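Please open the structure in your viewer and keep the selection tool at hand, as this tour moves from one selection to the next and says what is there.

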Amino acid sequence: MDLFIINRYTDTNDDNDAVNRETLHLQRLKQKIEERKKSFKVTEATPDTITLIDQGPSNEQPINNSSTSGTQDVSNDQKDITETEIDSTLSNNKSKAEKPTSEFKVLGNTDFEKKFKVERVLPYWLSHAFSISKNLQTLTCVISDQDWIHSTLKTTLTSEAVTHLFPVQEQVIPFILKEHKQPEPFRPHDICVSAPTGSGKTLAFVLPIIQILMNQLGHRIRALIVLPVQELAAQIAKVFKKYCTNTGLRVALLSGSAPLQKEQQQIMRYTETLGWICETDIIVCTAGRLVEHLHNTEGFSLNHLKFLVIDEADRIMDNIQNDWLYHLEKHIQAEMQINKVSHLSWNNISGLKSPVHKLLFSATLSPDPELLERWGLFQPKLFSVAPINDMPNENMIKKYSTPDELNEQFVLCSAEEKPLIFYNFFANLHWDKTLCFTNSSQSAHRLTALLNIWGKGKLRVAELSASLDRSSRELVLKKFKLSEINVIISTDALARGIDIPECNYVISYDPPRNIKTYIHRVGRTGRAGRTGTAVTIVIHNQMHMFKEIIHSSGKNNIQQMEIKQEVLTNLLENYESAIFETKRLINDESKNKVKKSIELKRAAKPKPRKRKHNENRMLNTIN
Ligand SMILES: Nc1ncnc2c1ncn2[C@@H]1O[C@H](COP(=O)(O)OP(=O)(O)OP(=O)(O)O)[C@@H](O)[C@H]1O
């Protein structure tokens with residue numbers, strides 16, 4: 001407590017008092033330091049020092065040049081030497097204390113050393129990922145030679161013209177199969193897979209899940225595949241259905257594309273004798289719809305769930321729909337409680353329900369421990385094309401890679417030139433099968449109208465955004481695949497996961513807002529080893545932001561595309577009239593919209609209800 005002075009305010013307390021007390025306290029502290037130095041000298045000093053000091057009359061006296069206690073007559077020289085020795089002894093001792101020892105640190109020992117800076121280090125599983133090759137040109141894993149792939153699956157793969165496994169499939173499929181070969185109490189390692197867009201991640205989980213489940217009897221929900229949006233869920237369900245041919249497995253899609261009741265009938269059936277019976281083995285769902293079924297579908301049980309696949313895992317986490325993970329875990333835990341064991345024995349362990357094997361996939365799955373923590377993964381393993389290998393640098397975890405076959409470019413222009421640059425791709429460069437991205441559905445709508453008018457029927461352009469219903473969106477994609485539409489103008493609703501193998505070009509009419517959106521947009525082309533070109537149109541004041549986004553991902557291979565001024569000047573001729581026409585069209589549309597909404601409101605107004613004969617009589621009586 002001597003180290004501190006506690007000043008309390010009282011009205012008699014003046015400044016001088018405080019100064020005096022502080023001086024007194026300082027003196028006392030100094031004295032204590034001297035006493036400590038002295039005692040230290042006795043216990044720790046080297047024999048030489050002791051000899052030297054012993055020349056003095058007494059060790060017990062403070063060694064102080066200003067000492068006035070005349071009993072010790074130590075010469076000045078002696079004093080100097082003694083002081084020097086003490087200092088050197090002290091500093092020796094200090095350096096000794098600094099040396100790391102295995103001894104316990106004495107608590108309360110006040111040293112004012114600078115604390116060590118704690119470095120962020122990635123967990124071992126993140127810094128030592130399984131490396132996946134990006135090369136889709138020289139494939140070595142011939143499917144027909146692989147004994148571990150089931151013959152039924154081989155037949156379907158052949159019918160789909162899949163002859164070789166892609167690198168991500170070559171690594172991940174055998175790993176999952178091996179993990180499930182272990183005897184019961186052993187639990188498989190959960191996995192995270194981060195591989196570029198179009199590298200075949202879907203089959204990397206579809207094939208092993210089917211192969212493991214196909215040998216089991218009866219229908220139970222054994223695999224749950226969760227996706228962020230309806231279109232993706234429909235796409236994955238289609239792949240599952242295809243590969244489940246002749247396996248006896250059933251697949252259900254729960255995405256909200258059909259009414260809830262219809263989806264319920266698809267997965268559960270009620271019988272008098274057995275109660276609720278499950279009709280499916282694999283459920284592909286959107287996160288939001290899953291929660292609805294957890295709460296509202298009678299008999300919906302995940303008691304036999306073996307696989308939980310989260311595709312586009314980072315996107316699902318960004319936008320937690322209906323708090324689905326919480327509800328899902330609560331549901332699974334509640335069902336596990338039933339099987340809870342009271343004591344540890346082989347019988348009990350082997351009788352335990354096997355835990356859910358979690359598989360996370362994305363092209364932009366950053367190995368950020370804080371984000372991944374939320375999934376509660378069990379001894380996870382990471383498969384990545386860009387392994388971090390002992391580099392604890394935080395920036396490394398933001399690096400994403402794009403396919404080698406993808407040619408990435410950008411065009412720098414003024415805001416006025418932007419539509420001309422855009423039209424140039426079709427009018428002069430004759431780009432076909434192109435997917436364009438804008439940052440809003442209004443912008444997508446206007447651009448579609450402009451391009452259709454400007455192209456004078458030669459260009460078939462369709463819009464695809466959240467403002468369209470699901471069946472219209474599906475129709476657009478179908479027409480694009482059949483080449484009935486050359487250009488799709490879309491919002492980011494289509495940026496993730498959607499597989500359009502025939503897409504040759506991607507244009508970002510508005511630059512993406514972040515690196516993940518960039519990676520997914522450009523990844524709609526250059527898929528499955530095919531070549532593709534992606535161009536981002538950047539106006540001058542957006543260049544800084546665009547550069548930052550690109551550099552944050554560690555990319556440096558994006559080329560600037562130069563377009564000659566005279567090329568743009570030639571396009572001006574029809575541009576003015578096209579703009580004029582587009583404005584007129586948009587105005588007409590908005591007028592029609594207003595008209596329609598007024599009509600709808602009028603139609604919805606409740607008509608005055610005719611009074612019944614009896615009511616009239618009653619009113620008359622009251623009056
Ligand atoms: N082994 C293979 N051989 C040939 N084509 C394949 C193979 N595996 C997958 N494909 C095809 O590659 C395309 C892309 O596959 P997939 O959709 O699984 O990619 P992805 O990695 O999930 O991409 P994204 O990250 O964009 O969702 C699909 O059209 C698929 O049919």
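**The open sheet**

In this predicted model, begin by selecting the 8 strands that form an open sheet, which follow one another in the order β1-β12-β4-β11-β10-β5-β9-β6 with parallel pairing. At the edges of this sheet you will find β1 (130-131) and β6 (251-254), each of which pairs on one side only.

Next, select residues 191-194, which make up strand β4, together with residues 357-362, which make up strand β11; these two strands pair in the parallel sense over 4 bridges. If you show the residues individually, you can see that Cys192 stands opposite Leu360 in β11.

**Helices across the sheet**

Keep the sheet on display and add residues 201-213, which are helix α7: this helix lies across β4, β5 (223-227), β10 (307-311) and β11, and runs at about 160° to β11. Then add helix α8, residues 230-243, which lies across β5, β6, β9 (282-286) and β10, with a direction at about 165° to β9.

**Around the ligand**

Now select the ligand and the 20 residues that surround it, the closest of which are Thr197, Gly200, Lys201, Thr202 and Ala528. The elements that give two or more residues to this shell are β3 (164-165) and α7. Which element provides the largest share of the shell around the ligand? That share, 3 residues, comes from α7. Colouring the shell by residue class would show 8 nonpolar, 9 polar and 3 charged residues.

**A pair of helices**

Move on to helix α15, residues 418-427, and helix α20, residues 565-604, which pack at an angle of about 95° with their axes 10 Å apart. Since angles from 65 to 115 degrees count as roughly perpendicular, α15 and α20 are therefore roughly perpendicular to each other. To view the contact itself, select Leu420, Ile421, Tyr423, Asn424 and Ala427 in α15, which meet Val567, Leu568, Leu571 and Tyr575 in α20. By class, this contact of α15 with α20 holds 8 nonpolar residues and 1 polar residue, with no charged residues.

**A hairpin to finish**

For the last stop, select strand β7 (residues 268-271) and strand β8 (residues 275-278), which pair in the antiparallel sense over 4 bridges. A hairpin of 3 residues joins β7 to β8, and within the pairing the bridge partner of Met268 is Cys278 in β8.

How values were computed
Residues numbered from 1 in each chain as written. Predicted model: local features only at pLDDT ≥ 70, side-chain atom pairs only at ≥ 80, totals over all residues. Pairing = 2+ DSSP bridges. Contact = placed C-beta atoms within 7 Å. Axes fitted to C-alpha atoms, helices over the stretch in contact; angles between N-to-C directions. Near = placed C-beta within 6 Å. Nonpolar A, V, L, I, M, F, W, Y, C, P; charged D, E, K, R; others polar. Parallel < 35°, antiparallel > 145°, perpendicular 65-115°, else oblique.
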